[in-house]
Amino acid sequence: MPSWQDNDRAVAALVNLVVVLADNKYFLGRRISEWEVGAPGLEEAVASSALAQEELGHARVLYPLLDELPFPERPLPLEREGDRKRRYAVSFLDKPWGTWTEAVAAILLVDTALTTMLEHLTDSAWEPLARRAVRILQEEAFHLEFAEGRLRELAALPGVRGELEGHLRAFLPEMLLWFGPEGEEGVRELVREGLIRGGNEAWRQAYLGRIAPLLLEERLGVLPYPSWDVARRRYEYGELPWNHWNRLQRRLEAVSPVER
């Protein structure tokens, strides 16, 4: 009986999925760790330390999965930021965040996206991945609670509210791109083999189902997207800059000065 491991397109897509999840966990942990001594208060500093350790720990349990996949050119696991030239993480994790407000916006949007994907892997046909997804999700509830709480605090401060909205507007389109165009070939293979549930648009809608109510409740000006389409019973988010999105690395490419 054929196994999913005989499906080269599914294996290639699975390698990409694992390294994308692991790299985003790795760089998210690195960026958060930079706030262990720079957070605005002791509570935030202690929480940042805990979050950073757990995100880096999640990356460490995901990377070894690459060794179990029958694929000839698997990306190397990261132990330091410079270990590999090609990164599979969203672009705004490349450099340290300039302010605590930027950090909160990034943590909320990235960690919620990763959690959304992991929730669709808990019953994967590949048991090692399913087990790790379940284990990671057990720690994520605190992460999302922390990020949501900090976002509500910042949204209530008139002096930083505008900055918060600016970072959310800047980061959200890349996170919506991150789930990929609807009907992506590699994703179809993963779903067909039972390696993941859902699909590109289903993941994006699940993500927006978490993020959008919070942004709307706090009256944060990130519209025109996302907005709820009553007739179609789904979130609309406008046109996304697919021309600047790197499908393999799941990140935005730099826009040339001519295109600005």
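## Helix packing exercises

In this predicted model, helix α1 (residues 8–33) packs against helix α3 (residues 100–119) at an angle of about 150 degrees, with their axes 11 Å apart.

**Exercise 1.** Determine how α1 and α3 are oriented to each other, and describe their contact.

*Solution.* Step 1: angles over 145 degrees count as roughly antiparallel. The angle here is about 150 degrees, and α1 and α3 are therefore roughly antiparallel to each other. Step 2: the crossing of α1 with α3 is left-handed. Step 3: on the α1 side the contact is formed by L17, L21, N24, K25, L28 and I32, and on the α3 side by I107, V110, D111, L114, M117 and L118. Step 4: sorted by class, this contact of α1 with α3 comprises nine nonpolar, one polar and two charged residues.

**Exercise 2.** Establish the orientation of α1 and helix α6 (residues 185–192), and list the residues that meet.

*Solution.* Step 1: the axes of α1 and α6 lie 8 Å apart, and the packing angle is about 105 degrees. Step 2: the range for roughly perpendicular is 65 to 115 degrees, and α1 and α6 are therefore roughly perpendicular to each other. Step 3: R9, A10, A13, L14 and L17 of α1 meet E185, G186, E189 and L190 of α6. Step 4: the contact of α1 with α6 divides into five nonpolar, one polar and three charged residues.

**Exercise 3.** Characterise the packing of helix α2 (residues 42–62) with helix α4 (residues 127–155).

*Solution.* Step 1: the two axes come within 11 Å and cross at roughly 155 degrees. Step 2: α2 and α4 are therefore roughly antiparallel to each other, and their crossing is left-handed. Step 3: from α2, the residues in contact include E43, E44, L51 and H58, which face a set in α4 that includes R132, R135, I136, E139 and F146. Step 4: by class, the contact of α2 with α4 has eight nonpolar, two polar and 10 charged residues.

**Exercise 4.** Compare the span of α4 with its expected value, and locate its kink.

*Solution.* Step 1: α4 has 29 residues, and 41 Å separates its first C-alpha from its last. Step 2: this span is close to the 42 Å expected at 1.5 Å a residue. Step 3: α4 nevertheless has a kink of about 40 degrees, centred on E139. Step 4: E139 is also among the α4 residues that meet α2.

Key:
Residues numbered from 1 in each chain as written. Predicted model: local features only at pLDDT ≥ 70, side-chain atom pairs only at ≥ 80, totals over all residues. Heavy atoms only, no water. Axes fitted to C-alpha atoms, helices over the stretch in contact; angles between N-to-C directions. Helix = DSSP H or I, 4+ residues; strand = E, 2+ residues; numbered from the N terminus. Parallel < 35°, antiparallel > 145°, perpendicular 65-115°, else oblique. Left-handed = near helix turned anticlockwise from the far one by under 90°. Contact = heavy atoms within 4.5 Å. Nonpolar A, V, L, I, M, F, W, Y, C, P; charged D, E, K, R; others polar. Expected span 1.5 Å × (residues − 1). Bend = angle between axes of the 7 residues up to and from the residue.
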